[in-house]
Amino acid sequence: MLILSLRPKQWTKNFLIYFAFFFTINERWNLADTHEAISLLGKSTVAFILFTMISSAIYLINDIFDIDKDTQHKNKKLRPIASGRLPITVAWYVVAVLTILGLFFSFTLESTFGWITLGYMILMLAYTIVLKHLVILDVLTISAGFVIRAIAGAAVLQLPISPWLYTCTGLGALLIALIKRRSELILSGNKAGKQRNTLKIYTTTQLDYIITFVSSSAILIYILYTFTASNLPQNHAMIITIPFVIYGILRYVYLAEVKNIGENPEDVLTKDIPLMISIAMWLFTAGSVLIIFRG
């Protein structure tokens, strides 16, 4: 029951921490220097584990605060805390342990990473208590959480990352959050307001307009990123990754608006074969470009 409450499916979000390692492979070390590469990869992995501990603590807190609303949801009512299978006192104890250990070792690993992790936790607590009830700010906060993950990954390695990449990450996360709200609104029906306060205000038409704007912006920003980012190969070879990004974004929007399966993003990203292939091809192509044309 405890493992389910930690939401292991959502740990995939924390892979953004590896972005800094991935996108500096062409300029930070010689590939023959495997010792440095392994060292940096090891630090990223430790950061991933620590951030997972903190995010899991936040998930538990969120479930505790949302217990009344979760009981109104056909799926969330089965969560260990909402169903009563995991006592709230036990959940708070686990929150304390994960928070203390996670923050302590985060500051031990790298002080800047520790402060960023603490900032993430404060932001997510604000989201759980206040921000999730405010229209637009709720999805913007979710987006910020993804960006902070990418920043944390760069901080632990003491590496600079192109602002373009942060922008792409933020827009992609914002798109996922908006699609999640749209799916929640449709699937909850007349219980929407009971399950989430902001669903009383959002409309599918309104969300569709915003989703169109954000998805278009994400594609445009990524295209500009491939041409202008200073840490990419100067021959603009990264442009060959553009088709995979365009397809991935349009595929996700299609799944959300036509098949209406965007309520659980982690399921969409790990179960839709075409989307998984496009992500894998993007990673392979981008990695190949960075290695082959490294500076």
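Reader: Is Lys 180 buried or exposed?
Author: This is a predicted model, where local features need pLDDT of at least 70, side-chain atom pairs count only at pLDDT 80 or more, and totals for chains, interfaces and linings use all residues. Residues are numbered from 1 along each chain as its sequence is written, and side-chain values use heavy atoms, with hydrogens and water left out. Buried means under 20% relative accessible area, exposed over 50%, partly exposed in between (1.4 Å probe, protein chains only). Lys 180 comes in at 18%, so call it buried.

Reader: Which helix holds Lys 180?
Author: Helices here are DSSP runs (H or I, at least four residues), numbered from the N terminus. The run covering residues 163–188 includes Lys 180, and that's H8.

Reader: What is the span of H8 from its first C-alpha to its last?
Author: The expected span is 1.5 Å times one less than the number of residues. With 26 residues, H8 would be expected to cover 38 Å, and it comes close to that, at 37 Å.

Reader: How many residues of H8 are buried?
Author: H8 is largely enclosed by the rest of the structure. That's because, of its 26 residues, the buried ones number 20.

Reader: How many residues does H8 give to the largest nonpolar core?
Author: A nonpolar core is a set of buried Ala, Val, Leu, Ile, Met, Phe, Trp, Tyr and Cys residues joined through side-chain atoms within 4.5 Å. The largest one has 46 residues, with Tyr 222 and Tyr 225 making the most contacts inside it. H8 gives the most to this core: 11 residues.

Conventions. Helix = DSSP H or I, 4+ residues; strand = E, 2+ residues; numbered from the N terminus.
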